[in-house]
Structures are given as structure tokens and as C-alpha cells.
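Let's take a walk through this one together. Have the structure open in your viewer and follow along.

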Amino acid sequence: MTRECAVLLPRVCAALSAPRPPHLDDTCLEKLLDWFELMTKFDPSAELLENNPCLTEFITSVLALPEPSPSILSFTLRLAGILASSENRFQHLQQEELLARLLGSDGPLSSELWKDATVRNGWVKGVHNMMHHQSALQLLCCGGGIDVIFTLQGDPSLFVASAASQLLVDILILAVGTEPVTKDCGWPECAQVIIKHIEDSLQSGSTSRIEQSLKLLASLFHSCDEEWTGVLWLGIAKQIESFLTTVESAQAQRLLAKLLLSMARSPVFCDSDRDFWALVTSALERLTPLQAGPLAVGLLKFCKCPQDVRIQALTVLLQPMDCILRAASQPLEYAGLLDESVSDPITMERLLSSKSSCAALLCQTLSHLEELLNRTHLLVDLPFTSLLRSLMAILQFCSGLLSPASPLGNTISRILISCFRVQRSALDVLAALLDRKGCDTLVGSLFDVLLAYLESPNTNPTVLTKTFKATSKWLARLYELSSNSQQQQTDKSLEAVFRVLPKRLCSPCWEVRDSSLEFLSDLMKCLKNQDEFRQSLLSSELPALTENLLEDPESYVRASAVTAVGRLAFITSFAPKSAVMENQYNKENIVAKLHEILSTDQEGFPRRAVISIFVEWVRQGCTGQLEDTVQFVSGVIQTVEHDLDWEVRLTGLDLISTFYCWMCYQRHLPESPDDPAVTGSVQSNEFLQIFCRAKLFRFLFRSLCDCDKTLGMRACDILLGIRHKFYPFDTSEALDETRDLPAGSGIAWLERTLRQGSLAQNFPTDGDDVVDFEDPESMMLALGTVDLIMLHDELNKSSDHVEKSPQSLLEDILAAAGPIKENEADCY
């Protein structure tokens, strides 16, 4: 503890234990507890209490209050637990007879304050903080604390109930330790009490008590993989197995599935116990599809799951999709996904025929499928073609495009019509199926479905956005295939997209205009090298419509229009002359318009989009030769450095970094400072001259003192990279001669200013302190003189590290306490 904190702590304790404590938000007290926890973590001795008697005085004072504040009492309970987390400090507090009055039987358990959930929560967390040694366990057991925790498992406050359940888990783990136990003997007394409570609850017939014990067991098997957990399981396995047929509560079934999944990941069960896997198989068969789904997908991600169980889990997961496919099919048109079902098909049909469960089941299934498809390695073979057919059927059901022949299909169609949740989930899975085997054969039918969504005026804007994303990915996939058989489909799909897109760009709904522009930008990004795409785009009305949207009243739309127009300019700069647009749409006019937006738009989003597209241009090398690029970057930076939006300024620094890399590539400057060619580049000084001519150093050095530390870090990184080109060796030794600068020189002023962290909003323009940021020699000297490494270390600290320091926290608490007598006396 620092000396300043040691001085402040007694005053803070006095303020918190006053009859009218300061009004502090929970965050402030949480930070104070975090600080104490950090202090006690690495020092188990009692020195903290011995050197700061104000802590025990504070606890005593709070206990002496007739009506302490619930939040202060809760804080005190938790603080006592933190202090008692080591046996030495525990014994010190025991000598003061404080722990029993707080966390034991003499505590607030029987007071009126116990009715406040804040106090109950503080007690549970205080006990939890203390549970690191056997002395704490003995205090709790002797004081009847275990029974209190059993009661709190059913607390009306979910926070208290959850904390109590986790506390029981940790107490059981602490009580048993690593000692060998058997089913009939070896359990410590405290562990016996908890285990008997679990067994009694499971046999009680009370749904709430069963759920509490299932939750506790799931947490236990997730947290602990000691051998004794297998012994515990032997005593409850039969009871758990019976729940598969007797428990009807949906919450209990979810907890049962969670318990089995926690056990499956424990080496105690997954490696050897075939009886356990038989129970998992039984659960997959008997739990309802809504409850079995999370268990199935969890097993499919687990590499140690036996193959037969994994196949069964996959069957459970695919069963809703299979049912959808069969309901949508004409007789014998094509087979479903599965040869046989795990659970009763009638149950699945009943769930999909119910308005209350159909969408929930499909959304859950689709979410699990997306989760699996996005994994790097699939542990099972999915029937991708049939799965895609099922997805298209769902989308057709939701849009009313399908007229199923079966009664079940008619029912599902009525339930799913315009169901946005299911549509969005299905489109997410559709995008994840992009390059899976066998899906390319259905691309024609798939585009029919997607285009129907794009054309329909009833498509919800959020669904339309996902449709656009799926369409752009599948269009790019078509171009990847590039076979003659697919060319006709590609041309047809692109033509249909370009036919519908102008209507969407003119939509009265700004979200539709915005997502349409984003879609067009995505297409230009992934298909910019396709001649057919460029020709079709440039001969359409889309460029003119897109440019008109630069003046849209909605700033989000203007920002998306900027990106689309910027990528359009890139395409036109490389397009054949015959395809170049008329003069009013050429790149020079676009540059002028975008620069005007950067200079004048009142909203930040369009300006951020402009500077981002300029970075993209420089990175892709479409800003011309060296002098043209220097002039372009210079003009942009002179505008950006005065922008009030920190994100615009930050992306301006990215532009400088991109320009730096582009220039290294153009002038063939070596990336390695150890390369012999470095000497030649330093001698020629061409690089530094270009940077000075572009007027970039002023912005870089000013950014070092920007009020947003992120900009300072970025500028410092760039300057360090530049300096490394010219001073590849240790600066402190190689540049001693640059340290002896006249006190009044501009570079000396710059170094002092940066060292002090001044904002330096206005650099001097006359007098001795002038810094010429366009003079290569001055900038060479500045790069060698300013201690950028020290500055980098300072900036690397979080921007609020001072405000969040313990001393600042204690001062904030005192400030909230107001001018009490002790504070007033201390001021003098």
C-alpha cells in the first residue's frame, strides 16, 4: 500500500462507518473491494490488518450502528470475507471476535436487514471470499451457515440464489479436497451434510428443489474433475436417470441436459464409463427436442464423444430440418435428411404444428447448425445438399412462396408466414453453407428464392440486409466456379440483381437504401476484377443513383454512399475506355465531391467513410504516380488534422501509415533496417523530403499530444517506424550529439512540450520556438531527439489509469462524504 493510500484509508473508513455514510454508487464500492482483494492475493500475512487498525475499527463501527445502510453492511460483509481469506488474517479477526458477528451465527441473519437482498448477497459473497482454508470452513459449519446457504438456494433474488449454489459447490470442493473417498465412507462431515442435502432434494418430488440440485451438480462437474465426483455420481445416478421420464418441467429438463454435458467434458466420466454414455443416449431419446438440442450440439463439438453417440446427437439436431423437408416435398420428390428418427416423429410434428413452439425450435436448430458450420473442423458429416433444400423450404414457407401438398406443410406455412426471426436465422445458415460439397448443384433454385426476397415489398428491412449478404456471397461463389455450365446462371442472377437494386436504392425507408448501398459496395469489393460485372455495372443506372445518394438526408446512407462511390471510382480507373462513364461521373469529380464531404458534412459517419475510402485507394494504388499521390495525401491530411471527430483523425493517421508503406514499395526502400541498402536511402534523404513536402509531420507530432490517447499511440508507432529507417541502432547511444540542443531552439521546445504531455493545440509560428515541420533536417533532428520510446510507454498506459488509481478512488469517496470535521482539520 502506498503511503498516500495509508494516510487516506483511516479517513475513508471513518466516512463509510458514519451514521450517515456518503451516497456512493455500487461501482465505487466494487472498485474498493477489488483493490483490497488485489492487496490480499499475494500476501497471506496479517500485516495489512496490523499496520492498518482502521480496518478492524471500521468493521466494529459498522456493527455498532443501530441501523447501518444495507449497501455499507453488504460492503462490510464482503470486505471481512476478503480479509479473512488467509488463515493469518482470519485468526487476527477471530481474536477481535468480529467474524462470528458478521458471517457466523451472531451476524445479520436474524436482523431486519436480512430482508434486504443486498445484505443477503453481501453475506453470501463474504463467505465465498473467506472459503480458502479449513478454519473458515469450520467457522461456517459450527455456526449453522450451511443451513443458511441451503435456504438461500431458493432465494427470490436470482443473484443471491445463483451465488448460494456456487458457494455450495466451492464449499464441497474445499471440504473433500483431494482425499480418497468411497461410496460408504471417507466423506468429511461437512461434505456429508451437503451430499445428503443434494440426495434429499433429488428425491423430494419438489420441482424447485430438484432444479436447485441439478444446477448445483452441473456447476460441480463443470468445476471439478477429481475422482471423488465419480463416487458422488454413483449415489445419485439412478435418481437422475428416472428424471428422464418423470420430470416435466422445461427448466429441469434444460438443467438435466446441462448436467450431462458438464459430465461429458469431465475425464472422470467421458474416458471410461459406458453406463454414463448409455444415460446420454437415453437423454437424447427422451428429452423433448427443444431441450435435447443444446445437449446434441454440445456433444457434436466434443472430440471424445463416442461415434455412435455423436451420430445420434446429429440425428437429434437434424430432425426438425428433416421434418420441414418432408412437409415441403411433393410425394417422392426427394428424400429427407434422415433415414430414421431418434425421438418420436409425432412429437416433432406436434412441435412444428404449434404456433408457440415452431419458431423457437427452428431458431434454436438453425443457430446450432450455424455454430457447427462455422467451426474449422467438423467432427461429423452433414448432408449439405439436403440441408440446403430444407433451408430453402423454410425461407419459402416464411414468404408464402411454397404451396405444400401435405397437411403438416400447410400448417407450418401458416405459422411461419412473415416470421422474421426464422428468416434471419435461415439466411445466416445459408451464408455458412457457401462452399460446402454438393450445394453448388442447387444454386439456380437458391437464387430464385433470394431474388424473390429482394423483389418482395413485404421483406422486412433486417431480413433484406441478411438477404443482401447471402446474395453477395453466393454471387461471388458463382464467379469462383467460372465453368461454362454456370456462366448462364451467373449472367441471369447478376441481371436480376441489377434489375431490382435501383428500386431498393430509391426506397422511402432509409434502412433499405443503406443496406442496398452496402450490398453494392460488397459486390464491387469481391467482384472488381470480373470484366462482366464491371461492364454490367458501368452500363447500368446504378452509378448515377449511387452518386445521388451522397446528398441523402440520412447520415448513415450518405456514409454508405461514400463507400460505394469510392469503390466505383476504383473500378472506373481500371475499366476499359469504352466502358468509362460520362465525364460527370469520372474519378476527378468523385474525388472533389468526397473531399467536399470530408470538409463540410456536419455528421461524423460520412466523414469517417470518406477518409476510410481514401485509405483504401492508396492501399490499392489507384491514386496515380508519386507526385499525384503526395499531393492527394497532403490535401486530405491538411483537412483531417482539424476535424473534431477523433475517429476521422485516427483514420487520417492510418492514411499516413498506408502512404508510408506504399512509398516504401514504390521506391523499393528495404523493410529491414539491417539491410545494407538502408545507408543509401538515408544518404539520399528522399523519403524524408517526400514526407515533409506532403506536410505530414505536423499532424503526426500534434497527434502525440491529442486528448485521445489512441491517436497518440498510433502516431507514436508511425514515428517510431519512420525513425527506425534512419536510426536503426540504439538511439540513446547513437544520438548523444542531438541531445545538446540550445535551450531556446524549436526542437528543444518540441521535446519539452511532448515530455510534459501538453495538448499543444497551437504550435508557435514565430520567435525562437518555431518548429519547421516541412524541413527535412529539422525533422531528422526531431526524430533523433524526442524520446519516442519513453513517450510510447507513457501512452501505453490506459487513458484513465490515474483516475482509476487506488489513491484517486479513496479521494473520490472522501469527496462524496463531504466536509466532515476530520477532513476540515486535515486541510490545515
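Start with the open space: the largest pocket holds about 350 Å³. Bear in mind that you're looking at a predicted model. Around that pocket sit 15 lining residues, and the ones nearest its centre are Glu30, Ser74, Arg78, Thr118 and Asn121. If you want to know which elements build the wall, four helices each give two or more residues to the lining: H2 (26-41), H5 (70-83), H8 (117-130) and H11 (158-176). Chemically the lining is a mix, with six nonpolar residues, five polar ones and four charged ones.

Two of those helices, H8 and H11, turn up again when you move over to helix H10, since they are among the elements that cover its buried residues. Helix H9 (134-142) and helix H12 (189-202) are also part of that cover. Why call H10 largely enclosed by the rest of the structure? It spans residues 145-152, and six of its eight residues are buried, so the label follows from the count. If you'd like to pick them out on screen, select Gly145, Ile146, Val148, Ile149, Phe150 and Leu152.

For a last stop, jump along the chain to helix H17, which covers residues 274-286 and includes Thr281. Is Thr281 buried or exposed? Its relative accessible area is 19%, and the cut-off for buried is under 20%, so Thr281 counts as buried. Leaving aside residues up to four places away in sequence, Thr281 touches Val309 and Gln312.

Conventions. Residues are numbered from 1 along each chain as its sequence is written. This is a predicted model: local features need pLDDT of at least 70, side-chain atom pairs count only at pLDDT 80 or more; totals for chains, interfaces and linings use all residues. Side-chain values use heavy atoms; hydrogens and water are left out. On a 1 Å grid over the protein atoms alone, a cavity is a set of points where a 1.4 Å probe fits but cannot get out, and a pocket is an open set with protein on both sides within 12 Å along at least five of seven lines; lining residues have an atom within 4 Å of a point. Grid points are joined across faces, edges and corners, and a volume is the space filled by probe spheres set on the points. Ala, Val, Leu, Ile, Met, Phe, Trp, Tyr, Cys and Pro count as nonpolar, Asp, Glu, Lys and Arg as charged, and the others, Gly among them, as polar. Buried means under 20% relative accessible area, exposed over 50%, partly exposed in between (1.4 Å probe, protein chains only). Contact means heavy atoms within 4.5 Å.
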